[in-house]
Amino acid sequence: SERWKRSWRELFDTHSLAHNRRAIRKIEVSKEGDGAYAIVDIDTLWIDREGREDHWKGRVCKVYSKVGDEWKMTMHTGVLDYSFVVQSVP
């Protein structure tokens, strides 16, 4: 959409991409083969013209649907920072 294009264009016009690291942690495809999700750890560092850093680091979930022969991302979570330990509930 035009809104997303404008937003990304503004980011690239005002920031430099210092690094963009990705590590796929899990991919799960539906038994029907028409949907999937991926868990990805990201580490993306943007630096604006004044030298201020905007660091996107954490875990995201990307959801996909199969359309014809192509996979299309339909949504994703924002960056989730799992810097705490989750304990099991009995």
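## A helix and four paired strands

Not counting residues up to four places away in sequence, Ala36 touches Glu28, Val29, Lys62, Val63, Tyr64 and Trp71, where a contact means heavy atoms within 4.5 Å. Ala36 lies in strand E2, so a good way to understand its surroundings is to look at how the strands are arranged (helices, H or I, of at least four residues and strands, E, of at least two are DSSP runs, numbered from the N terminus).

The structure is a predicted model, in which local features need pLDDT of at least 70, side-chain atom pairs count only at pLDDT 80 or more, and totals for chains, interfaces and linings use all residues. Residues are numbered from 1 along each chain as its sequence is written, and side-chain values use heavy atoms, with hydrogens and water left out.

The average pLDDT (the predictor's confidence in each residue, from 0 to 100) of the protein chain is 89, and 89% of the residues score at least 70. Confidence is lowest in helix H1, residues 2–14, with a mean of 92, and highest in strand E1, residues 15–29, at 96.

Now for the overall layout. The protein chain contains one helix and four strands, and from the N terminus on, its elements follow the order α-β-β-β-β. Among contacts with a separation of 6 or more, 35% are between residues 24 or more positions apart.

The strands can be followed one hairpin at a time (two strands pair if DSSP finds at least two bridges between them). E1 and E2 run antiparallel and are joined by 13 bridges. Glu28, for instance, stands opposite Tyr37 in E2. The two strands form a hairpin with five residues between them, and in its turn Gly33 has a positive phi of about 75°.

E2 (residues 35–48) also pairs with E3 (residues 53–67), again in the antiparallel sense and over 13 bridges. Asp41 stands opposite Arg59 in E3, while the bridge partner of Leu45 in E3 is His55. Four residues separate E2 from E3 in this hairpin, and Gly51 in the turn has a positive phi of about 90°.

The next hairpin brings in E4 (residues 70–76), which pairs with E3 in the antiparallel sense over six bridges. Val63 has Met75 in E4 as its bridge partner. Two residues lie between E3 and E4 in the hairpin, and the turn holds Gly68, with a positive phi of about 65°.

Of the 90 residues of the protein chain, 20% count as buried (under 20% relative accessible area; exposed is over 50% and partly exposed in between, with a 1.4 Å probe and protein chains only). How many of the residues of E2 are buried? The number is 12 of the 14, so E2 is largely enclosed by the rest of the structure.

Two alanines show what this looks like up close. The first is Ala36, which counts as buried at 12% relative accessibility. Ala36 and Ser65 are 29 residues apart in sequence, yet their C-alpha atoms are 6.5 Å apart in space. The contacts of Ala36 include Glu28, which belongs to E1, the strand of residues 15–29, and Val63, which belongs to E3, the strand of residues 53–67.

The second example is Ala38, which is also found in strand E2. Ala38 is buried, with a relative accessible area of 8%. Leaving aside neighbours within four places in sequence, Ala38 is in contact with Lys26, Ile27, Val60, Cys61, Lys62 and Tyr64. Ala38 and Glu28 are 10 residues apart in sequence, and from C-alpha to C-alpha they are 6.5 Å apart in space. Lys62 and Tyr64 are in the contact list of Ala38, and Lys62 and Tyr64 are in that of Ala36 as well.
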